[in-house]
Amino acid sequence: MEHNPYERFRGQKLSLNDYLAIDRTELANERTLLAYGRTSIALVITGGSAMKFFESRWVVLAGAGFVVVAVVVMIVGWRRYRAMDRRLGGALEQRAGDVNQQ
């Protein structure tokens with residue numbers, strides 16, 4: 001199991017700097033997922049265009065390869081997003097607990 005650097009936040013009172021750091025990390029994680037999505041969409045468009053507009057067999061195969069790579073890129077991006085989301089879990093649970101107690 002990987003070391004979770006955010007585990008130190010669990011069960012502690014967080015300062016404003018901690019809250020802001022967690023928020024920045026969460027937003028960066030979401031931006032990264034969106035970047036993976038953009039890359040996947042670009043690969044699908046490239047592959048689909050190659051398959052639709054060219055008749056050469058190797059270009060069609062390359063286009064299909066782009067589509068397969070797009071799926072792999074999206075899966076990798078989603079897995080990385082979920083892994084970081086789980087790492088942030090302890091800190092975010094603590095933050096949510098503080099908000100509900102007020």
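# Briefing: a two-helix chain

The mean pLDDT of the chain is 83, and 75% of its residues reach 70 or more. The model is predicted. Two helices and zero strands make up its list of secondary structure elements. Of the 102 residues in the chain, 25% count as buried.

**Confidence**

- Residues 98-102 have pLDDT under 50 throughout.
- For residues 98-102, the model has one contact beyond four places in sequence.

**The chain as a whole**

- Take the contacts between residues at least 6 apart in sequence: 73% of them join residues at least 24 apart.
- The accessible surface of the chain is about 7500 Å².
- Carbon and sulfur atoms account for 62% of that accessible surface.

**Helix 1: length and buried residues**

- Helix 1 covers residues 16-53, which is 38 residues.
- What span should helix 1 have at 1.5 Å a residue? The expected value is 56 Å.
- The end C-alpha atoms of helix 1 are 55 Å apart, which agrees with that expected span.
- Several residues of helix 1 are buried, among them Ile22, Leu33, Tyr36 and Leu43.
- The buried residues of helix 1 also include Gly37, Gly47 and Ala50.

**Ser40, a buried residue of helix 1**

- Ser40 lies in helix 1.
- Is Ser40 buried or exposed? Ser40 is buried, because its relative accessible area is 6%, and buried means under 20%.
- Which residues does Ser40 contact, leaving aside neighbours within four places in sequence? They are Ala70, Val73 and Met74.

**Asn29, another buried residue of helix 1**

- Asn29 is part of helix 1.
- Asn29 has 10% relative accessibility, so it counts as buried.
- Beyond residues up to four places away in sequence, Asn29 touches Arg80, Tyr81, Met84 and Asp85.
- Asp85, one of these partners, lies in helix 2.

**The salt bridge**

- How many salt bridges does the structure hold? It holds one.
- Arg82 and Asp85 form a salt bridge.
- The closest N and O atoms of Arg82 and Asp85 are 3.0 Å apart.
- Both Arg82 and Asp85 lie in helix 2, three residues apart, about one turn of the helix.
- Arg82 counts as partly exposed because its relative accessibility is 30%, and partly exposed runs between 20% and 50%.
- Asp85 is partly exposed too, with a relative accessible area of 22%.

**Valines of helix 2**

- Helix 2 covers residues 57-101, and Val69 has its place there.
- Val69 has 41% relative accessibility, so it counts as partly exposed.
- Val69 and Gly47 are 22 residues apart in sequence.
- In space, Val69 and Gly47 are 9.5 Å apart, C-alpha to C-alpha.
- Gly47 is one of the buried residues of helix 1.
- Val68 also lies in helix 2.
- Is Val68 buried or exposed? Val68 counts as exposed, because its relative accessibility is 53%, and exposed means over 50%.
- Val68, Val72 and Val76 form a nonpolar patch on the surface.
- Together, Val68, Val72 and Val76 have about 240 Å² of accessible area.

Terms used
Residues numbered from 1 in each chain as written. Predicted model: local features only at pLDDT ≥ 70, side-chain atom pairs only at ≥ 80, totals over all residues. Heavy atoms only, no water. pLDDT = per-residue confidence, 0-100. Contact = heavy atoms within 4.5 Å. Helix = DSSP H or I, 4+ residues; strand = E, 2+ residues; numbered from the N terminus. Expected span 1.5 Å × (residues − 1). Buried < 20%, exposed > 50% of the residue type's maximum accessible area, 1.4 Å probe, protein only. Areas by Shrake-Rupley, 256 points an atom, 1.4 Å probe, with all protein chains shown as cover. Patch = residues over 30% accessible without salt bridge, like charges linked within 9 Å, V, L, I, M, F, W, Y side chains within 5 Å. Salt bridge = Lys/Arg side-chain N within 4 Å of Asp/Glu carboxyl O.
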